[in-house]
Amino acid sequence: MKHVRIIKPQAGPQENFLASPADICIYGGAAGGGKTYGLLMSPLRHKNVKGFGCVIFRRNFNQIFAEGGLWDEAMNMYYGINGAVPRKSRSQWLFTNRAGRTLSKISFAHIERDEEVHSWQGSQICEICFDELTHFSEYVFFYMLSRNRSVCGVKPFVRATCN
């Protein structure tokens with residue numbers, strides 16, 4: 001018998017966060033409340049949409065790859081999903097069809113200084129996520145909103161967490 005793992009939100013705030021139809025939704029609460037887990041779950045809804053892309057931002061590289069950090073949480077969640085392929089060297093997860101062609105991707109990136117946003121010029125990001133939004137400047141947030149666009153058929157949206 002094949003083992004089936006179910007990934008679903010906790011009832012309450014996490015479920016409400018993931019169900020929100022808002023263009024921009026911010027999930028706040030105490031440490032350990034499942035905010036980051038909810039953020040990692042969000043792009044999975046569109047993993048089978050060709051051309052869908054999500055970038056999850058943290059303030060610095062260490063916050064993504066530190067022991068028990070964002071990448072480790074993604075490994076625990078995404079590993080074993082049909083078609084999920086980690087590319088740690090590119091800080092990405094690809095989601096492929098049965099033929100092995102990439103349908104969508106979730107990328108992890110950091111923006112430590114305001115001027116770094118210009119490296120995102122020309123990008124089209126359907127889902128932009130900020131883990132710990134309060135660590136980013138207002139300038140970074142509003143600049144990245146200009147990158148929140150897509151032609152994959154999913155209406156672009158933003159999700160963020162904060163303590």
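Reader: Why is Cys-126 called buried or exposed, whichever of the two applies?

Author: Cys-126 has a relative accessible area of 1%, and since buried means under 20%, exposed over 50% and partly exposed in between, with a 1.4 Å probe and protein chains only, Cys-126 is called buried. This is a predicted model, in which local features need pLDDT of at least 70 and side-chain atom pairs count only at pLDDT 80 or more, while totals for chains, interfaces and linings use all residues. Residues are numbered from 1 along each chain as its sequence is written, and side-chain values use heavy atoms, with hydrogens and water left out.

Reader: What makes Cys-152 count as buried?

Author: Its relative accessibility is 16%, which falls under the 20% limit, so Cys-152 counts as buried.

Reader: How do you know that Cys-126 is in no disulfide?

Author: A disulfide is a pair of cysteine sulfur atoms within 2.5 Å, whereas the nearest cysteine sulfur to that of Cys-126, belonging to Cys-152, is 4.0 Å away; the count by this rule is 0 disulfides.

Reader: What makes E3 and E4 a pair of strands?

Author: Strands are DSSP runs of E with at least two residues, numbered from the N terminus, and two of them pair if DSSP finds at least two bridges between them; E3 and E4 (residues 92–96) are joined by 4 bridges and run antiparallel, with Pro-86 bridged to Trp-93 in E4.

Reader: Why does one side of E3 have no neighbour in the sheet?

Author: The open sheet of 7 strands has the order E1-E7-E6-E2-E5-E4-E3, with mixed pairing. Strand E3 (84–87), like strand E1 (24–28), stands at an edge with a single partner strand, so one side is left without a neighbour.
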